[in-house]
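Work through the following exercises with the sequence and the model side by side. Each task is followed by a solution in steps.

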Amino acid sequence: MSRILIAEDEERIASFVRKGLSANGYAVTVAGTGGEAADYALTGGFDLMVLDIGLPDEDGFAVLQRVRRGGAQLPVIFLTARAGVDDTVSGLENGADDYMTKPFRFEELLARVRLRIRSERGPEPSSLAAGELTLDLRTRRAATGSGTVDLTAREFALLELLLRHRDQVLSRQQILSHVWGYDYDPGSNVVDVYIRALRKKVGPERIETVRGMGYRLSC
């Protein structure tokens, strides 16, 4: 299991990212300060760090410099509200591997995390499958026993989530936070709308409604 370190000033975002990454099979540790983040990173026990620039005790640039000077080469993704070109260039020139600005969609962060860890450890499978249902992660198309299906970006993210957690019940809140991001409206019915659309494309029998709990893909 890959271990990810999150250094994030905003508790709400740190909790959102931790829950999302944990749901996708990662072991996650959260550091609330730059000093704590650097100490964790220098232990050598982590595979990747998601690093905020605006930490309470020192900025993320200083943390990254300290980590790199200490010899830690784990991939680092900056996740920050600073969207200026100078900040982006500074982060990358100081040893970051990627740079994302807030607000962000969790599915994009997850894709970048997977890419960085995969480059360190070797390739992941290029497709997911459950019975006759397959999802090509490169072409972003699904295939059933009756043919190939084109998906919208949200439908792809939703089906990927269900396939990665096949036979597990996912609540509407879990699906919302993963597919629509941390700024979602918990009262929205958008999950139900997209589940109906996805059922029409891959077959209604494949996605089960678990009353009072959420949805489960079982094939």
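**Exercise 1. Decide whether V76 is buried or exposed, and find what surrounds it.**

Solution. The model is predicted, so the values below are computed from its atoms.
Step 1. Take the relative accessible area of V76, which is 0%. Buried means under 20%, so V76 is buried.
Step 2. Place the residue: V76 belongs to strand β4, residues 76-80.
Step 3. List the contacts, leaving aside neighbours within four places in sequence. V76 touches M49, L51, L64, R68, A96, D97 and D98.
Step 4. Take the C-alpha distance to one of these. V76 and L51 are 25 residues apart in sequence, and their C-alpha atoms are 6.8 Å apart in space.

**Exercise 2. Classify E8 as buried or exposed and list its contacts.**

Solution.
Step 1. E8 sits in the loop between β1 and α1 (11-23).
Step 2. Its relative accessibility is 5%. With the cut-off for buried at under 20%, E8 counts as buried.
Step 3. Beyond four places in sequence, E8 is in contact with I13, A14, A31, G32, D52, L55, L79 and K102.
Step 4. For G32, 24 residues away along the chain, the C-alpha separation from E8 is 6.0 Å.

**Exercise 3. Which residues of helix α2 are buried, and how are they arranged around its axis?**

Solution.
Step 1. Helix α2 covers residues 34-41, and its buried residues are G34, G35, A37, A38 and A41.
Step 2. Look down the axis of α2: the buried residues fall within an arc of 160°, so they line one face of the helix.
Step 3. Relate this to helix geometry. An α-helix has 3.6 residues a turn, so residues three or four places apart point the same way.
Step 4. Identify the packing partners. The buried residues of α2 pack against the strands β1 (3-7), β2 (27-31) and β3 (48-51), and against helix α3 (60-69).

**Exercise 4. How do the axes of α7 and α8 cross, and which residues meet?**

Solution.
Step 1. The axes of α7 (residues 172-179) and α8 (residues 190-202) come within 10 Å and cross at roughly 85°.
Step 2. Angles of 65 to 115 degrees count as roughly perpendicular, so α7 is roughly perpendicular to α8.
Step 3. On the α7 side the residues are R172, I175 and L176; on the α8 side they are V190, V191 and D192.
Step 4. Sort the residues of this contact by type: four are nonpolar, none is polar and two are charged.

**Exercise 5. Find the unusual backbone geometry at K102, R140 and D167.**

Solution.
Step 1. The peptide bond joining K102 and P103 is cis, with omega at about -5°. P103 lies in the loop between β5 (98-101) and α5 (106-121).
Step 2. R140 has a phi near 60°, which is positive in a residue other than glycine. R140 belongs to the loop between β7 (133-136) and β8 (141-144). Its relative accessible area is 37%, and R140 is partly exposed.
Step 3. D167 is not a glycine either, yet its phi is positive, at about 70°. D167 lies in the loop between α6 (153-164) and α7. At a relative accessibility of 48%, D167 is partly exposed.

**Exercise 6. Classify R138 and L217 as buried or exposed.**

Solution.
Step 1. R138 has a relative accessibility of 64%. The cut-off for exposed is over 50%, so R138 counts as exposed.
Step 2. R138 is in the loop between β7 and β8. The C-alpha atoms of R138 and S126, twelve residues apart in sequence, are 6.5 Å apart in space.
Step 3. L217 has a relative accessible area of 0% and is buried. It is part of strand β11, residues 214-217.
Step 4. Leaving aside neighbours within four places in sequence, the contacts of L217 are A130, L133, L159, L162, L163, R166, D167, R206 and I207.
Step 5. L217 and L170 are 47 residues apart in sequence, with 9.2 Å between their C-alpha atoms.

**Exercise 7. What are the totals for the protein?**

Solution.
Step 1. The protein has eight helices and eleven strands.
Step 2. Of its 219 residues, 46% count as buried.
Step 3. Among contacts between residues at least 6 apart in sequence, 59% join residues at least 24 apart.

Definitions and conventions: Residues are numbered from 1 along each chain as its sequence is written. This is a predicted model: local features need pLDDT of at least 70, side-chain atom pairs count only at pLDDT 80 or more; totals for chains, interfaces and linings use all residues. Side-chain values use heavy atoms; hydrogens and water are left out. Helices (H or I, at least four residues) and strands (E, at least two) are DSSP runs, numbered from the N terminus. Buried means under 20% relative accessible area, exposed over 50%, partly exposed in between (1.4 Å probe, protein chains only). Contact means heavy atoms within 4.5 Å. Axes are lines fitted to C-alpha atoms, for helices over the stretch in contact, and angles run from 0 to 180 degrees between N-to-C directions. Angles under 35 degrees count as roughly parallel, over 145 as roughly antiparallel, 65 to 115 as roughly perpendicular and the rest as oblique. Ala, Val, Leu, Ile, Met, Phe, Trp, Tyr, Cys and Pro count as nonpolar, Asp, Glu, Lys and Arg as charged, and the others, Gly among them, as polar. The arc is that of the directions from the helix axis to the C-beta atoms.
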